[in-house]
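The exercises below are to be worked through with the sequence and the three-dimensional model side by side. Each task sentence is followed by a solution that goes step by step.

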Amino acid sequence: MANINTMLSSNLSAPDTAIRPYQPADKPGVITLLRANTPLYFAPEEENELVFYLENETEEYFVVETEKGIIGCGGINFEDHRRTGKLSWDIIHPDYQGKGVGRLLLNHRISKLKSIKEVEIISVRTSQMAFRFYEKCGFELLEIKKDYWAEGFDLYLMEYSK
């Protein structure tokens, strides 16, 4: 587990804040995070897609947890015989956005992907609501598809360039 206390801003002083692998018992906490970010970052109809993903498509998924519970989550999936590592379903509780939790979780997964010799490309499919975050973290925009996720939620396909 990666201890993140020293990396978070001073108003997050929980001694047991950690990134750890997702477990099926975490599903209610992850769904709660999604609902806390709906409709600003996710469309209501995406909840069923997240449930399906958690039950059927997770390859590597992580949660960020404090003594208060799960405050963030995000995964990694692979394609092209592990040549491409795709970041998936990143969600940070609104109370913790802008405090380094998202960047820490992103860096955790990028580091993990860089350690896999087959991975040549790191990509993320996000929306116009979050693409600036990824842009600041070294991702370049490749493509936009209007209303891809739901009406008003465009797909921004990005690739890590560092």
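**Exercise 1. Establish the order of helices and strands along the protein chain.**

Solution. Along the sequence, the protein chain follows the pattern β-β-α-α-β-β-β-α-β-α-β-β. The secondary structure comes to 4 helices and 8 strands; helices (H or I, at least four residues) and strands (E, at least two) are DSSP runs, numbered from the N terminus. The model is predicted: local features need pLDDT of at least 70, side-chain atom pairs count only at pLDDT 80 or more, and totals for chains, interfaces and linings use all residues. Residues are numbered from 1 along each chain as its sequence is written, and side-chain values use heavy atoms, with hydrogens and water left out.

The next step concerns burial and contacts. Of the 162 residues of the protein chain, 46% count as buried; buried means under 20% relative accessible area, exposed over 50%, and partly exposed in between (1.4 Å probe, protein chains only). Among contacts with a separation of 6 or more, residues 24 or more positions apart account for 56%, where contact means heavy atoms within 4.5 Å.

**Exercise 2. Locate the cis peptide bond and the listed positive phi values in residues other than glycine.**

Solution. Begin with the peptide bond between Thr38 and Pro39, which is cis, with omega about 10°. Pro39 belongs to the loop between helix H1 (27-36) and helix H2 (46-56).

Turn next to Asp80, a residue other than glycine with a positive phi near 55°. Asp80 is placed in the loop between strand E4 (69-79) and strand E5 (84-92), and its relative accessible area of 43% makes it partly exposed.

Finally, Trp89 has a positive phi near 50°. Trp89 is part of strand E5 and, at 18% relative accessibility, counts as buried.

**Exercise 3. Is Asp26 buried or exposed, and what does its side chain contact?**

Solution. Asp26 sits in the loop between strand E2 (18-21) and H1. Its relative accessibility is 7%, so Asp26 counts as buried.

The side chain of Asp26 makes a polar contact with the side chain of Arg20, at 2.7 Å. A polar contact is a pair of N or O atoms within 3.5 Å; within protein, one must be able to donate a hydrogen and the other to accept it, and residues adjacent in sequence count only if both atoms are side-chain atoms. Not counting residues up to four places away in sequence, Asp26 touches Arg20, Pro21, Val63 and Ile70.

**Exercise 4. How many disulfides does the structure hold?**

Solution. The count is 0 disulfides, a disulfide being a pair of cysteine sulfur atoms within 2.5 Å. Cys73 is buried, with 0% relative accessible area. Cys137 is also buried, with a value of 6%.

**Exercise 5. Which residues of strand E6 (121-126) and helix H3 (101-114) link distant parts of the sequence?**

Solution. Take Ile121 of strand E6 first. Ile121 is buried at 18% relative accessible area, and its C-alpha lies 6.2 Å from that of Gly85, 36 residues away in sequence. Leaving aside neighbours within four places, Ile121 is in contact with Arg83, Thr84, Gly85 and Glu159.

Ser123 is in strand E6 and is buried at 9% relative accessibility. With residues up to four places away not counted, Ser123 touches Thr84, Gly85, Lys86, Leu87, Phe139, Met158 and Glu159.

In helix H3, consider Gly102. Gly102 and Phe133 are 31 residues apart in sequence and 8.8 Å apart, C-alpha to C-alpha. Beyond its neighbours within four places in sequence, Gly102 is in contact with Ile92 and Phe133.

**Exercise 6. What is the volume of the largest pocket, and which element gives the largest share of its lining?**

Solution. The largest pocket has a volume of about 1,000 Å³. Of the 40 residues that line the largest pocket, the closest to its centre are Phe42, Asp90, Thr126, Ala130 and Tyr134. On a 1 Å grid over the protein atoms alone, a pocket is an open set of points where a 1.4 Å probe fits, with protein on both sides within 12 Å along at least five of seven lines; lining residues have an atom within 4 Å of a point. Grid points are joined across faces, edges and corners, and the volume is the space filled by probe spheres set on the points.

The largest share of the lining, 7 residues, comes from E5.
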